[in-house]
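I opened this notebook to keep track of what I looked up, one topic at a time. The entries follow the order in which I went through the model.

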Amino acid sequence: MKHVVITGATSGIGEQLARDYARQGWQVTACGRNQDKLSAMANDHASLTPLAFDATDSEQTYQALGRLSVVPDLIILNAGTCEYIDQGRIDVPLFKRVFDINVFGVLNCIEALQAGFSDATHLAIVGSSASYMPLPRAEAYGASKAAISYIANTLSADLAQQGVTVSLVSPGFVETPLTDKNDFAMPMRVSVKQASAAIQSGLAKGKTEVHFPRKFTFILKFLALLPMSWQIALARRMTRN
Ligand SMILES: NC(=O)c1ccc[n+]([C@@H]2O[C@H](COP(=O)([O-])OP(=O)(O)OC[C@H]3O[C@@H](n4cnc5c(N)ncnc54)[C@H](OP(=O)(O)O)[C@@H]3O)[C@@H](O)[C@H]2O)c1
């Protein structure tokens, strides 16, 4: 039986992935802080094992992931958060909160698991298409996802010698509690079911980058090719709207 470890499995994209993989017969280690939610999910799926820890706490993460008896075939590091800044005002505690989980949470998990990496390991890291270009109010979130995107792509090169496959997952807007609180238009927002299907399909093909919905992500990728002054002008326009 194949084994997947999924962080951020108590909500949104991670929960859907955990339930989908469990339904398909995978052994799933579902991670998050919300123990009640994890227990409820374990009641729903016999092959799902809950693992509660705060990924921003390196000691807790090390202890929790170190308890895994088998080396997972697939590791999906998905736990994350999003906070926006207001009118370009830098708020350092906000930046620290966002980087703590989006960047250091991911690194804590990798550090805890890397001793068990083999040529059968597939590591998937969830970034965001928000990192492709400057977007209004996304200084902290976009920068954290740009950092994670760089780390994933570089690890992809560095771990290739060990035979480890690394995939960067870059979603557009997905309907989850994270985006439900947004007060702006979210073009081409997809359901968690669609997101989970796109991620599973991309990972099954061993893709280096899994991005979706493709119409949206290709538009962003194209805009990211424009001169930076044009990209900034676009972001200013979005801010006014
Ligand atoms: N939704 C979108 O449109 C979208 C777009 C691009 C990228 N993404 C990325 O996709 C990932 C999942 O997002 P989502 O929309 O599904 O968000 P979500 O519904 O808010 O779920 C976030 C998950 O992260 C976990 N988490 C947060 N802080 C944690 C911590 N300190 N330790 C352990 N787990 C923690 C939460 O679990 P607990 O509260 O139980 O700890 C929860 O399961 C994130 O990395 C996000 O940046 C989302």
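The entries below cover the ligand and its surroundings, then a cavity and a pocket, then a salt bridge and two backbone details.

**Entry 1: the ligand shell.** I noted before anything else that this is a predicted model, and I then looked up which residues surround the ligand. There are 30 residues around the ligand, and Thr10, Ser11, Arg33, Val174 and Thr176 are the ones that come nearest. When I sorted the shell by class, I found 13 nonpolar, 14 polar and 3 charged residues. I also asked which helices take part, and noted that α1 (12-23), α5 (139-158) and α6 (177-180) each supply at least two residues of this shell. Of the contributions to the shell, that of α6 is the most, with 3 residues.

**Entry 2: polar contacts of the ligand.** I next looked up distances from oxygen atoms of the ligand to polar atoms of the protein. For Arg33, which is also among the residues that come nearest to the ligand, a polar side-chain atom lies 2.6 Å from a ligand oxygen atom. For Ile13, the partner is a polar backbone atom, found 2.8 Å from an oxygen atom of the ligand. For Asn34, I noted that a backbone N or O atom lies 2.9 Å from an oxygen atom of the ligand. I then looked up how much of the ligand is covered: taken alone it exposes 890 Å², and the protein buries 91% of that.

**Entry 3: the cavity.** How many cavities of 30 Å³ or more does a search of the whole structure find? I wrote down 1 cavity, with a volume of about 30 Å³. Its lining is made by Thr7, Ala55, Leu77, Asn78, Ala79, Ile101, Gly105, Val106 and Cys109. By class, this lining divides into 6 nonpolar and 3 polar residues, with no charged residue. Helix α4 (residues 92-113) gives the most to the lining, with 4 residues.

**Entry 4: the second largest pocket.** I looked up this pocket separately, and its volume is about 200 Å³. The residues that line the pocket include Lys2, Tyr21, Trp26, Asp73, His122 and Gln200, and the lining as a whole divides into 6 nonpolar, 4 polar and 2 charged residues. Helix α7 (residues 192-204) provides the largest share of this lining, namely 3 residues.

**Entry 5: a salt bridge in α1.** A search of the whole structure finds 9 salt bridges, and I followed one of them in detail. The side chains of Asp20 and Arg23 meet in a salt bridge, with 2.8 Å from N to O. I asked myself how far apart the two residues are along helix α1. Because they are 3 residues apart in that helix, Asp20 and Arg23 are separated by about one helical turn.

**Entry 6: two backbone details.** I kept a general expectation in mind here, which is that most residues other than glycine have a negative phi and most peptide bonds are trans. Against that background I noted Gln87, whose phi is near 45°, a positive value in a residue other than glycine. Gln87 has its place in the loop between β4 (74-77) and α4. I also noted the peptide bond from Phe212 to Pro213, which is cis, with omega near -15°. Pro213 is found in the loop between β7 (209-212) and α8 (214-223).

How values were computed
Residues numbered from 1 in each chain as written. Predicted model: local features only at pLDDT ≥ 70, side-chain atom pairs only at ≥ 80, totals over all residues. Heavy atoms only, no water. Near = heavy atom within 4 Å. Polar contact = N/O pair within 3.5 Å; in protein donor to acceptor, adjacent residues only side chain to side chain. Areas by Shrake-Rupley, 256 points an atom, 1.4 Å probe, with all protein chains shown as cover. Nonpolar A, V, L, I, M, F, W, Y, C, P; charged D, E, K, R; others polar. 1 Å grid on protein atoms, 1.4 Å probe; cavity = no way out; pocket = protein on both sides within 12 Å on 5 of 7 lines; lining within 4 Å. Points joined across faces, edges and corners; volume = space filled by probe spheres on them. Salt bridge = Lys/Arg side-chain N within 4 Å of Asp/Glu carboxyl O.
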